[in-house]
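Biologist: I have not looked at this one before. Can you put it up and take me through the model?

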Amino acid sequence: MFDKISELTKVRSVLELEGEICSKDGSINRVREQVYRLQKYEYMDIWKEDCNCVEGMMRSKLNKSGVPRIHKKYVKDWAI
Ligand SMILES: [Zn+2]
């Protein structure tokens, strides 16, 4: 349980400091799950966009032509 809370806290602070987080971020377990929690329990507005970061590409599976699949990043909505 402690683990989950700290992962959630990491995702929250990255979103608050940088405005976005890559779904393939290597320092956080199950980014998607943390984002889901933030949306559901903390009512954070977060949307998904295609991400082009190199680290994420290296972590992505390759498609049939050997090109990394497109992965996503999560972006915090600042508009109120
Ligand atoms: Zn990325």
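Biologist: What share of the residues counts as buried?

Modeller: Of the 80 residues in this predicted model, 14% count as buried.

Biologist: And which helices and strands are there, from the N terminus on?

Modeller: The protein has three helices and three strands. From the N terminus on, the order is α-β-α-β-α-β. The C-alpha atoms fill a box of roughly 40 × 30 × 20 Å along the principal axes.

Biologist: Take the strands. In what order do they form the sheet?

Modeller: The order is β1-β3-β2, in an open sheet with antiparallel pairing. β1 (20-22) and β2 (46-51) are at the edges, each with a single partner strand, so one side of each has no neighbour in the sheet. From one strand to the next the twist averages 30°.

Biologist: How many bridges hold each pair?

Modeller: β1 pairs with β3 (residues 71-76) over three bridges. β2 and β3 pair over six bridges.

Biologist: Which residues face each other there?

Modeller: Cys22 has Lys73 in β3 as its bridge partner, and Ile21 stands opposite Tyr74 in β3. For Cys51, the bridge partner in β3 is His71.

Biologist: Now the core. Which residues make up the largest nonpolar one?

Modeller: Nine residues: Val11, Val14, Leu15, Ile21, Cys22, Val31, Val35, Cys51 and Tyr74. α1 (2-18), β1 and α2 (31-42) are the elements that give two or more residues to this core. α1 gives the most, with three residues.

Biologist: Is that grouping something one would expect?

Modeller: In soluble globular proteins, nonpolar side chains tend to be buried together.

Biologist: Pick one core residue. What does Val31 touch?

Modeller: Leaving out residues up to four places away in sequence, Val31 touches Val11, Ile21, Ser23 and Asp25.

Biologist: And over the whole protein, how many of the contacts join residues far apart in sequence?

Modeller: Among contacts between residues at least 6 apart in sequence, 59% join residues at least 24 apart.

Biologist: Back to α2. Which of its residues are buried, and where do they sit on the helix?

Modeller: The buried residues of α2 are Val31, Gln34 and Val35. Seen down the axis of α2, they fall within an arc of 100°, so they line one face of the helix.

Biologist: What is on the face turned away from them?

Modeller: That face of α2 carries the exposed residues Arg32, Tyr36, Lys40 and Tyr41.

Biologist: What about the span of α2 against what its residue count predicts?

Modeller: At 1.5 Å a residue, the 12 residues of α2 should span 16 Å. The end C-alpha atoms of α2 are 16 Å apart, which agrees.

Biologist: Last topic, the backbone. Which residues other than glycine have a positive phi?

Modeller: Arg30 and Tyr43 are among them. Arg30 has a positive phi of about 50°, and phi of Tyr43 is near 55°. Most residues other than glycine have a negative phi.

Biologist: Where are those two?

Modeller: Arg30 is in the loop between β1 and α2. Tyr43 lies in the loop between α2 and β2, just after α2.

Biologist: Does Tyr43 count as buried or exposed, and how does Arg30 count?

Modeller: Tyr43 counts as exposed, with 7 C-beta neighbours inside 10 Å. Arg30 is partly exposed, with 13 other C-beta atoms within 10 Å. The cut-off for exposed is 12 or fewer, so Arg30 falls outside that class.

Notes: Residues are numbered from 1 along each chain as its sequence is written. This is a predicted model: local features need pLDDT of at least 70, side-chain atom pairs count only at pLDDT 80 or more; totals for chains, interfaces and linings use all residues. Two strands pair if DSSP finds at least two bridges between them. Helices (H or I, at least four residues) and strands (E, at least two) are DSSP runs, numbered from the N terminus. Axes are lines fitted to C-alpha atoms, for helices over the stretch in contact, and angles run from 0 to 180 degrees between N-to-C directions. A residue is buried if 20 or more other C-beta atoms lie within 10 Å of its own, exposed if 12 or fewer, and partly exposed in between; C-beta atoms are placed from the backbone. Two residues are in contact if their C-beta atoms, placed from the backbone, lie within 7 Å. A nonpolar core is a set of buried Ala, Val, Leu, Ile, Met, Phe, Trp, Tyr and Cys residues joined through C-beta atoms within 7 Å. The expected span of a helix is 1.5 Å times one less than its number of residues. The arc is that of the directions from the helix axis to the C-beta atoms.
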